Amino acid sequence: METKRRPSADVPKRVAATIVMLALAIVMVIPFLWMISTSLKTPAEVFQYPIKWIPAHPTWDHHIKVWSGPKNFATYYLNSLKISVIGMIGATFLSAFAAYGFARIEFKGRNALFMVYLSMMMIPPQVLFVPKFIMFEWAGIYNTHLALILPGLFTIFGVFMLRQFFLSIPHEISESAFIDGAGHFRIFFRLILPLAKPALATLAIIDFSWQWNDYENALVFLIDESLYTVPLGLQNFILENMVDYNGMMAAASAGILPMIAVFVLGQRFIIQGLTNSAVKG
């Protein structure tokens, strides 16, 4: 007869795994701690060695300068929020719409079309800068936020991820709804979307972080400083003969707050989805 493994036998493995994960977490957190510490230091303390993680005389002057200086960071902040929030909502909805078509609607050539669509992920984004520049100039949206918002509404990764999630939802749910007279739109909004909250929240978090941190597209398609986003606004701290590391770290510290807020708001749906899956399993 096979003997059951005692729970105590797994304790050393769990302790070792916990220690390894804790060590990796500390390594990942160190740059953020240095960023916050530097934002509270004086310029003379930035490159002191060994590093003084807690400044001798913490100062909030750099944080105040970021928001009240000659180049107010609030403008860049609002621009990034506008682009990222609109792009996140639009990309999540359109990705869910397209993913439903590829996962739940039968039509000729569906899988071939999806593979062609998926192959677009292999094209480096930098290759598209010149065609997009010409197209945006022709459409009259160059040097506007639409040049960042409209392309951001379409994400191949989002369609792929949601399609895989929709395929995992039992088809019996849709079939029962069809028998009751529901159409695809009603099934999509009333049945599929509520079940897909964990996947939608995950995509929203990922897409928001992509758009919030997007530097290349903003650099290429925005000229007026009044339209700059947070990544472009950080360039203001690179002076002619020096770099204002204190101001840059203060601005960067403020720049990560929206991403933390989005994650905190979205993690509830992710945890809820994981819990429901575990209960069903």
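The crossing of H3 and H9 is right-handed, and that is a good place to start a walk through this predicted model. Two packed helices are described by the angle between their axes and the distance between the axes. For H3 and helix H9, which spans residues 184–195, the angle is about 110° and the axes lie 12 Å apart. Angles from 65 to 115 degrees count as roughly perpendicular, and H3 and H9 are therefore roughly perpendicular to each other.

Which residues make this contact? On the H3 side you will find Phe 93, Ala 96, Phe 97, Tyr 100 and Arg 104, while H9 brings His 184, Phe 185, Ile 187, Phe 188, Phe 189, Ile 192 and Leu 193. Sorted by class, the residues where H3 meets H9 are 10 nonpolar, one polar and one charged.

Now follow H3 to its packing with H4. Here the two axes come within 9 Å, at a crossing angle of roughly 140°. That value makes H3 oblique to H4, and H3 passes H4 in a left-handed crossing. The H3 residues involved are Gly 101, Phe 102, Ala 103 and Arg 104, which meet Arg 110, Leu 113 and Phe 114 of H4. This contact of H3 with H4 has four nonpolar, one polar and two charged residues. Notice that Arg 104 has a part both in the contact with H9 and in the one with H4.

From H4, which covers residues 110–119, you can step across to H7: their axes come within 10 Å and cross at roughly 140°. H4 is therefore oblique to H7. Asn 111, Phe 114, Tyr 117 and Leu 118 of H4 meet Ile 156, Val 159, Phe 160 and Arg 163 of H7. By class, the H4–H7 contact has six nonpolar, one polar and one charged residues. Phe 114 is worth picking out on your screen, since this H4 residue meets H7 as well as H3.

Next comes the largest pocket, which holds about 1100 Å³ of space. Which elements give two or more residues to its lining? They are H3 (73–104), H5 (129–139), H6 (146–152), H7 (156–168), H10 (197–212) and H11 (216–221). In total, 33 residues line the pocket, and those nearest its centre are Pro 125, Lys 132, Pro 151, Phe 154 and Asn 217. If you are thinking about the chemistry of that lining, it has 21 nonpolar, eight polar and four charged residues.

One last stop is Tyr 142, in the loop between H5 and H6. Setting aside residues up to four places away in sequence, what does Tyr 142 touch? Its partners are Phe 133, Phe 136, Glu 137, Val 220, Phe 221 and Ile 223. To relate this loop to the helix packing above, take Leu 113, a residue of H4 that meets H3: the C-alpha atoms of Tyr 142 and Leu 113 are separated by 31 Å, with the two residues 29 apart along the chain.

Note on methods. Residues are numbered from 1 along each chain as its sequence is written. This is a predicted model: local features need pLDDT of at least 70, side-chain atom pairs count only at pLDDT 80 or more; totals for chains, interfaces and linings use all residues. Side-chain values use heavy atoms; hydrogens and water are left out. On a 1 Å grid over the protein atoms alone, a cavity is a set of points where a 1.4 Å probe fits but cannot get out, and a pocket is an open set with protein on both sides within 12 Å along at least five of seven lines; lining residues have an atom within 4 Å of a point. Grid points are joined across faces, edges and corners, and a volume is the space filled by probe spheres set on the points. Helices (H or I, at least four residues) and strands (E, at least two) are DSSP runs, numbered from the N terminus. Ala, Val, Leu, Ile, Met, Phe, Trp, Tyr, Cys and Pro count as nonpolar, Asp, Glu, Lys and Arg as charged, and the others, Gly among them, as polar. Axes are lines fitted to C-alpha atoms, for helices over the stretch in contact, and angles run from 0 to 180 degrees between N-to-C directions. Angles under 35 degrees count as roughly parallel, over 145 as roughly antiparallel, 65 to 115 as roughly perpendicular and the rest as oblique. A crossing is left-handed if the near helix is turned anticlockwise from the far one by less than a right angle, and right-handed if clockwise. Contact means heavy atoms within 4.5 Å.
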